[in-house]
Structure formats: C-alpha cells, structure tokens
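Here's a quick tour of a few local features worth a look while you have the model open. We'll go through a helix pair, then a sheet, then a couple of backbone oddities.

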Amino acid sequence: MEHFIETHIATVSCIFMGLIMFFAALPFAFGKEKMARYVSGFNMFTPEEQKNYDCARISRDIRNLYFQLAILAFAGAALTLISQWLAIPVFLLWIIWFFKDVHLDRDKAFQKYTLRVHRNANAPHGRASRDKVSVKLISKNEKESILMKHMSLKEIAAACGGTYFGSSDAAVREVGSVVIDSRKVERDSLFIAIKGARVDGHTFIPQVMKNGALCALSERKLDNADFPYILVNSCLQALKDLAEYYRRVLQLKVVGISGSVGKTSTKEMIASILSQKFNVLKTEGNFNNEIGLPLTVFRLREEHEIAVLEMGISDFGEMSRLAKIARPDICVITNIGCAHLENLKSRDGILKAKTEMFDYMNPQGTIILNGDDDKLKNFLSSNGISPIYFGLDALLPYHAKDIKDNGLDGTSARFFTPNSDFTAHVSIPGKHMIYNALAGIAVGRVLGMNDTEIIQGIEHLAPLAGRNNLIQTEYLTIIDDCYNANPASMKSSLSVLSRADTRTVAVLGDMFELGPQINELHAEAGRYAAKAGIKVLICIGDYSAHMAKGVQDERTSLSSEMEIHYFKTKAEFLENADKLLKKNDTVLVKASHGMEFPEIVERLKEMR
C-alpha cells in the first residue's frame, strides 16, 4: 500500500512539475507580448489600456514572475528526486504563489492590478529606491496611494469656490491627476477647461469624460450632463486656487528659484544635488508661469519630499501670485539682469518684482542670494529673514576659488562652505555653472546634506536640450543653447563658445522683451562676440540686424577678421548653411524662445 501511494505521488508530482516547467518556460519561448497574450490572458492590449497602463512593463513584470516560478519548479523537481514526499509541500507552495500573484483572467487582472511608477531621473546609480524607474504592481486596495490626497470632488469644489453637480457617491472620490490638455486625460483625471486664444477647452469636455476623466471644471452650465462637473467663474483662477490649496495640504519642502538669468540651469543643479538624499520633483520644461507652476504642483504626491520649482515672470504682481501658490521654504534668486525690461523698465524694477517671492514664503524659511550681484548684495532682510549669500567673493559664506576652465569639457573649482571645503567638477561648460553649483551647495547644506552627497549631485548633473547642451556630430560640435536668451545669457554663451579650440561660429537670433533699449542691447551683443574672438557671426531676425551693424560700425583689430552674415529669416540661413559652415566648426545656436531655433539645431545635426 505504501509503495502504491508513493508511486502515485511520484506520478502526480511528475505531471504537475512538467506543467509547472511548461508554463515557466513560455516567457523564454515567446517575446513579452506573446507571453502576455498566451500565458496571462492579456491578449493584445487595447489603445485605452496602452494609454492607462505601461503594458510593456506589465509584460516584463509577468515574465520575471514566471522566471521566479521556474526556479521554484526546478527546485521542486530536484527535491522530488530526493524524496517524493517533498513534492507535496513544494507543489502547494507553488499553487499558493501562482494564484496569489498570477491571474489568468484578463479582465480580473486589470481590475485587481494598476501600475505604479516612481521616477527620479536625477538619482545616482546604485541606489535602488532612487536611481531608476522602479515598477511594482499594487492591488486595488492600495490604489488610493496613487490618487491625490485631499482632492475629492467635494474638496476641489470648496477650494476653487465652485458649485458641484453630480452624485453624492462621486463627490467623495479623489482625482488621480489634474490636466488642461485633453490629450493627457487618463483614468480619474480632473479636466480644467481653459479657454485659450485659439482653442476653448469646453469643447473637449464630452470627449474627455468618455476617455475616463472623473470630473470637469467648467465656466458654463452643462445641461443634461450625465457626469460630475464643477461650475466656476473662471477656470484659470480655479486652476491657481486649486494648486494653492493642494500645495498647502502637502507636507513637503519647496525650493523656489527665480532670477533674470540661469533659473533653469540652477533649478537642474539644485534638483540634481537634492536627489542624492531626497525624493525630488522639479519643474519640467517651461512650466514656470501662472499655468505651468500649478500643473507642476499637481504632479506632487505623498512620496515626494521636496519640490524644486522654477518661477518666471515678466511683470509686476506675477511673482506674488506664483509665490502664493508655491509657498516656498527656501527662496533662491540667481541674479538681477536686463530681461523683461518692456514691463519692468529697469533692473531696480526687476529686483522689486523678483523679491515679491518673499511675501508668501515660510516665515521660518531661508533666502539664498547671489552675493556678487550688485543689486542683490545690498538686500539685507525680508520679514526678519537675513539672506545667505553665495558667489566668488572669498568673504561670502559659500564661495569658490581655484576655478579651472576645461573648455567645452566643463569647469572644476574648490568650493567653500561655512565649515568645509571640497573640489568638484561641473561637466557643463561655463563660469556661470560655478554660481549654479554654489546655489545648490547652499540649498543642500540648509537641508542637512553632507559634502559627499553634494559632490555626487554636482557631478551627476546632466545637460538639457536647449540649455548649453553640447552635441557632438561627425561634422560639427554644436552648443545648443537656443531655449531662451537675454543680454547677460547671450554674453555668457559667447564666452563658452570662445573657449573652443576649433573655428567658432555664433548663430544668434532676436532677444525679445527688452524695452526701448532693444536695438542697442542687440548691438552690444554683436560687439561682445567680436571682443570674444568669435570667427563667424551669423545674425537672424529683425532685431539681430543691429548685432551685425554694431560690429560693422565699430570695426577694430579684434573684429577685423570676423565674418559677418545677416539673414532676415531662419529659412534664408538654412538655405546657405552648407556654404557657411565647415567640418569641425564649433557652432553656438542661441536666441529667444519665440525664434524657434531648435529647428536650426536639428538641421545642423543632420549635416554631413
């Protein structure tokens, strides 16, 4: 009898182990998509599922899970050879594991699982929690961690002074995201129907609700609506009011950054440093105004510890409104230069507008200023908060010396804090990057970081497209700095170009919002290019004609060998680019954002 039982156990064990290994081998026999189709019942993902789920990662996750099951299956088979009795607990363990984590029913799998992705691109390699995209499948019971806390439809209506229309059940549901672009709507989104110059968001409300949005904010009463919506007087104001409310319910630190020049590069440096220790969310792209800043705030979740927010303005009162939303704990101002003079009139006007940031900062917060700036260094205090200064002056608490210019390979320096010093290398070229690093060091120290963490953050900094981004092709070296421009940043970029050891070419375009001095400021930029020793100056645009004229009117020994070319449009330049540029040239591309010079960068990258 005992032999009979053992024989049957062995037979059943072999059958089950064979099945286990068959299923476990499928991920290796098929690709991810086929595996997902044949093993997990995930069939071909629909467009809606591809929109709301990262299907490739789900497939990869399932493949990894089956790999784990395969290891258990092989281990079970080996144990069976030792003793058939061991097959029973191994098989039971496999069955529990399989039905706990693998679901053959496609619909139930999508109902039970949703995808949670944490991204922190600035974290250093080697730290599992921060250095890469980490993915896990979480059960529906945990889904609330993805939603925006304290952002139920009832709370949203109260925060923006709106009137809620919809069921009482929907009123207590929390939204998963806030969007103004109908193309970015996903499941449980709140869609705010902004009326723009060319497009009225209200026309997209029916479609976004069909695409999975939970609710819409509307300035119009929606008759016969069979979905929740909130009626407000102004969707634009509601966007800002809601962002202000959401920021105040979040328990995290905010670093606010402004200045005439270097806001974005300083923001990137600070975020890179802070990411060595904290879970950081930073402003992306040009989301630094009264629409972009609220949308950045809406990306914050409970896992974020610090927000690094860029704050850009062009008129009085704007900074006050931005600060009211951001409520910064740490305020950083990079410098006071000649930008947006059309509205702000003078550098004193710019100083006044930028320092509006302090009106809504944390009363126990910190102000960090460039101590080498002649306007900022005389700013003594705000609401009893004395600034912390950084710069190259050795008397400042955060300063640098022994600066080594490595040309286009970056800059090294010895950095000093109130109680330490260390050497670090900044891979992005330009002396201005030393100032950015000093600002980042000061912020890091205020938030309790040590020198090792700060050095790692400085040296892990990666360039952004359009922001002093060095592009090496087979034909040219391109300095892509075309995201924006003003007189100070133009001179800084020309100084970087002058350090190249090949023929230097500056492709420069118009700078906007410079007020009555706009023509003279363009002429000054041209003269600076000549003094910097740039070999070829190519000017594009109406105002840039004054760059070329500024050099031609003051021919000196410094500029006598400079080639000067003027084109009214980008198209005219691109038609002649092959004739003007030579192999191994180093080419700077820079202009205000409205000139749309990324088109030039793409064309230069294709030159052969």
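Let's begin with two helices. In this predicted model, helix H16 (residues 432-446) packs against helix H17 (residues 451-459) at an angle of about 145°, and their axes are 10 Å apart. As for handedness, H16 and H17 make a right-handed crossing.

Who actually touches whom? On the H16 side you'll find Ala 437, Ile 441, Gly 444 and Arg 445, and these meet Asp 451, Ile 454 and Ile 458 of H17. Sorted by class, the contact of H16 with H17 has 4 nonpolar, 1 polar and 2 charged residues.

Next up is the sheet. It's an open one with 6 strands, and if you walk across it the order reads S17-S18-S22-S19-S20-S21, with mixed pairing. Which strands stand at the edges? Those are strand S17 (469-472) and strand S21 (563-567); each has a single partner strand, so one side of each is left without a neighbour in the sheet. On average, and ignoring direction, neighbouring strands of this sheet are turned by 15° against each other.

Zooming in on one pair, S19 and S22 run in the parallel sense and share 5 bridges. If you want a spot to click on, try Leu 508, whose bridge partner in S22 is Lys 590. Helix H21 packs on this sheet too: H21 touches S19, strand S20 (536-540) and S21, and the direction of H21 makes about 145° with that of S21.

Now for the backbone. Most residues other than glycine have a negative phi. Two residues here go the other way: Glu 513 has a positive phi without being a glycine, and Asn 584 likewise shows a positive value in a residue other than glycine. Here they are together:

| Residue | Phi | Loop location | Relative accessibility |
|---|---|---|---|
| Glu 513 | about 60° | between strand S19 (504-509) and helix H19 (518-531) | 32% |
| Asn 584 | near 75° | between helix H21 (570-580) and strand S22 (586-590) | 48% |

Are these two buried or exposed? Glu 513 counts as partly exposed because its relative accessibility is 32%, and partly exposed means falling between the 20% and 50% cut-offs. Asn 584, with a relative accessible area of 48%, is partly exposed as well.

The loops tie back to the sheet. The one holding Glu 513 lies between S19 and H19, while the one holding Asn 584 lies between H21 and S22. S19 and S22 are the parallel pair from above, and H21 is the helix that packs on the sheet.

Technical notes:
Residues are numbered from 1 along each chain as its sequence is written. This is a predicted model: local features need pLDDT of at least 70, side-chain atom pairs count only at pLDDT 80 or more; totals for chains, interfaces and linings use all residues. Side-chain values use heavy atoms; hydrogens and water are left out. Axes are lines fitted to C-alpha atoms, for helices over the stretch in contact, and angles run from 0 to 180 degrees between N-to-C directions. Helices (H or I, at least four residues) and strands (E, at least two) are DSSP runs, numbered from the N terminus. A crossing is left-handed if the near helix is turned anticlockwise from the far one by less than a right angle, and right-handed if clockwise. Contact means heavy atoms within 4.5 Å. Ala, Val, Leu, Ile, Met, Phe, Trp, Tyr, Cys and Pro count as nonpolar, Asp, Glu, Lys and Arg as charged, and the others, Gly among them, as polar. Buried means under 20% relative accessible area, exposed over 50%, partly exposed in between (1.4 Å probe, protein chains only). Two strands pair if DSSP finds at least two bridges between them.
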